[in-house]
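I opened the model to look up backbone angles that stand out, then the overall make-up of the chain. My notes follow in the order I took them.

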Amino acid sequence: MSALDIAASALRARLGRAPFLLQHRLTRHPLFAPARIEEIALEEPDDDPAYGVLLRRCLDEVRAAAPEFTAGMHAEQLKVLFAPPGGVTPYRAETEEGFILQIRGRQTLRVFERTALAAEELERLHARGQRELVWREAQPAPGRSYNLMPGLGVHLPVAAPYWVQTGPEESIAVFIGFRTRASARAAQAHRMNAFLRGLGFDPSPVGESPWLDRLKQLAFKIRRARPLAAPFVLRTASSGDRR
């Protein structure tokens, strides 16, 4: 039986493009029984190989449904998220493609389009890992609310900002995330933009020009492989310079 209850065609068509609601079958999984939940509240799920098996099972379904989109999948992760009653998760974004799957309790997830973030915010997210964002009352992009209860989940595309409001009881949810070859390349372009902006340039936004993005990706790789220790000066020979 599959862990994610969504048609492969729908997953393939929407993954990474926009948030969407889905159903899942993890609420009765033995790893989320009350006794196990108490155990992982004290230690990371990464310490238990059984959670790694579950992570691979979920991502194998995603990979099978959308092989082109998930090419080069890496940095897979599973986190169990605990939130107190009435709590609010700070406005933030993730550097991974992800799914938030509700296990217990209820919460409202408000997700915005990536265009809600300015270029500088995207650069800080990818270059510094600055996931928490500054909320602005006048959002430049529309958002959508998802009311999650056990058995429901939401797909969060890379860099889609969101916040979470917990219901009247404790919320337990699972975050499953991963990066792809394409998302890694976009992150490299953002990181190169951050470097250029630090030098005083105003680089074009990532996504505006595919060939410029590719050039930035290559420049980032070269810079990371051979960082410049200090600024250099290019000299040209003249009649008065005989060395």
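I started with alanine 75, which I found in strand E3, spanning residues 74-83. The model is predicted, and I read the angles here with that in mind. Phi of alanine 75 is near 55 degrees, a positive value in a residue other than glycine. I noted this because most residues other than glycine have a negative phi. Next I looked up whether alanine 75 is buried or exposed. Alanine 75 has 33% relative accessibility and counts as partly exposed, because that class lies between under 20% for buried and over 50% for exposed.

I then turned to alanine 159. Its phi is positive too, at about 65 degrees, and alanine 159 is not a glycine. Where does alanine 159 lie? I located it in the loop between strand E8 (152-156) and strand E9 (162-166). Its relative accessible area is 3%, so I entered alanine 159 as buried; the cut-off for that is under 20%.

After that I looked up the chain as a whole. I recorded six helices and ten strands in the protein chain. Of the 243 residues in the protein chain, 40% are buried. The accessible surface of the protein chain comes to about 13700 Å², and carbon and sulfur atoms supply 55% of that area.

Last, I checked the contacts. Among contacts in the protein chain with a separation of 6 or more, 84% join residues 24 or more positions apart.

How values were computed: Residues are numbered from 1 along each chain as its sequence is written. This is a predicted model: local features need pLDDT of at least 70, side-chain atom pairs count only at pLDDT 80 or more; totals for chains, interfaces and linings use all residues. Side-chain values use heavy atoms; hydrogens and water are left out. Helices (H or I, at least four residues) and strands (E, at least two) are DSSP runs, numbered from the N terminus. Buried means under 20% relative accessible area, exposed over 50%, partly exposed in between (1.4 Å probe, protein chains only). Contact means heavy atoms within 4.5 Å. Accessible areas come from the Shrake-Rupley method with a 1.4 Å probe; for residues, only the protein chains shown count as cover.
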